[in-house]
Amino acid sequence: MERIARLPKGFVPALPKRCVGCSAPDPDRRVTLWTMSSSWWVVLLPIVMFFSKATRTTFPACRGCAWRIRFRRMASFAIMMALILVAVTVVFRWLPASPRILRRLVGVGACLVILLPWAAWEAWFPPAVSLTLQGGTVEYEFRDVEFAAEFRSLNRGELRE
C-alpha cells in the first residue's frame with residue numbers, strides 16, 4: 001500500500017475523521033504541522049531558510065497523540081541540532097591549528113557520521129505524519145497505511161503522481 005500522497009501546495013486536503021496517530025474515531029483535538037521548502041542553499045546559507053516557502057496542514061488527533069506528535073517534532077529537531085553542534089565543537093577543538101578547509105571538510109564528515117544513528121531512528125520509527133514541500137507540491141507521508149489510503153481516496157481528484 002502507498003503511504004505517500006502528493007497534493008498541490010495551495011490545496012486544502014480533506015482529512016479522515018479519525019486520529020492521525022492512533023486512528024481513534026472522532027478525535028477532539030487538532031495538531032498543526034508546517035514545513036518549509038528546503039534545498040542545499042539552506043545548508044550553505046541558513047538565512048535563506050527565513051525566505052523560503054512554507055505550508056501548513058491541521059490534522060485531527062486525540063489529546064495524547066497531538067502532544068506526542070508535537071513533542072516528537074521538537075525533540076527530533078533539537079536532537080539533530082545538538083548532534084551537529086557536538087560534531088562541529090569536537091572538530092574545531094581537536095583541529096584548531098589545521099587549515100580552514102580541512103577543518104570544514106572534517107566537520108562535514110563528522111556531522112554526517114554522527115547523524116547516521118539519528119537518521120536510522122527516523123527511518124525505522126517514522127512519525128505519524130510528515131510533510132515535505134517540493135516546489136508546488138506537498139508530500140504527505142503517513143505511518144498508518146489505512147489512514148494514508150483513506151486520505152488518498154478523499155483527495156483523489158487532486159493527487160499528483
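1. The sulfur of C22 lies 3.6 Å from the closest cysteine sulfur, which belongs to C62, and this separation is too far for a bond. The model is a predicted one, and the cysteines are a reasonable place to begin reading it. C65 gives a similar picture, since its closest cysteine sulfur is again that of C62, at 3.5 Å, and here too the distance is too far for a bond. A disulfide requires two cysteine sulfur atoms within 2.5 Å, and a search of the whole structure accordingly finds zero disulfides. As for their surroundings, C22 counts as partly exposed at 43% relative accessibility, whereas C65 is buried, with a relative accessible area of 4%.

2. The sheet deserves a careful look. Three strands form an open sheet in the order 1-5-4, and their pairing is antiparallel. Strand 1 (4-8) and strand 4 (129-134) stand at the edges, and because each has a single partner strand, one side of each is left without a neighbour in the sheet. On average, neighbouring strands of this sheet are turned by 20° against each other, with direction ignored. Strands of a sheet pair through backbone hydrogen bonds, in either a parallel or an antiparallel manner.

3. Within that sheet, strand 4 pairs with strand 5 (residues 137-142) in the antiparallel sense over six bridges. One residue to locate in the viewer is S130, whose bridge partner in strand 5 is E141. The side chain of E141 also meets that of R3 in a salt bridge, with an N to O distance of 2.8 Å. This pair links distant parts of the chain, for R3 sits in the segment before strand 1 and E141 in strand 5, 138 residues apart. Both ends of the contact are partly exposed, R3 with a relative accessible area of 29% and E141 with one of 27%.

4. The structure holds six salt bridges, and the one between R3 and E141 is not the only pair to reach across the chain. The side chains of R18 and D144 meet in another, at 3.8 Å from N to O. R18 belongs to the loop between strand 1 and strand 2 (29-36), while D144 belongs to the loop between strand 5 and helix 4 (145-154), so that the pair links distant parts of the chain, 126 residues apart. R18 counts as buried at 14% relative accessibility, whereas D144 is partly exposed, with a relative accessible area of 23%.

5. A further salt bridge joins D28 and R29, whose closest N and O atoms are 3.9 Å apart; a salt bridge is counted when the nitrogen and oxygen lie within 4 Å. D28 is exposed, with a relative accessible area of 59%, and R29 counts as partly exposed at 36% relative accessibility. Salt bridges that share partners also join R18, D144 and E150 into one network.

6. On the surface, I101, L102, L105 and V106 make a nonpolar patch of about 370 Å². Of these residues, L105 can be placed in helix 3 (residues 100-124), and it is exposed, with a relative accessible area of 58%, a value to be read against the limit of over 50% that exposed residues must meet.

How values were computed
Residues numbered from 1 in each chain as written. Predicted model: local features only at pLDDT ≥ 70, side-chain atom pairs only at ≥ 80, totals over all residues. Heavy atoms only, no water. Buried < 20%, exposed > 50% of the residue type's maximum accessible area, 1.4 Å probe, protein only. Patch = residues over 30% accessible without salt bridge, like charges linked within 9 Å, V, L, I, M, F, W, Y side chains within 5 Å. Areas by Shrake-Rupley, 256 points an atom, 1.4 Å probe, with all protein chains shown as cover. Helix = DSSP H or I, 4+ residues; strand = E, 2+ residues; numbered from the N terminus. Pairing = 2+ DSSP bridges. Axes fitted to C-alpha atoms, helices over the stretch in contact; angles between N-to-C directions.
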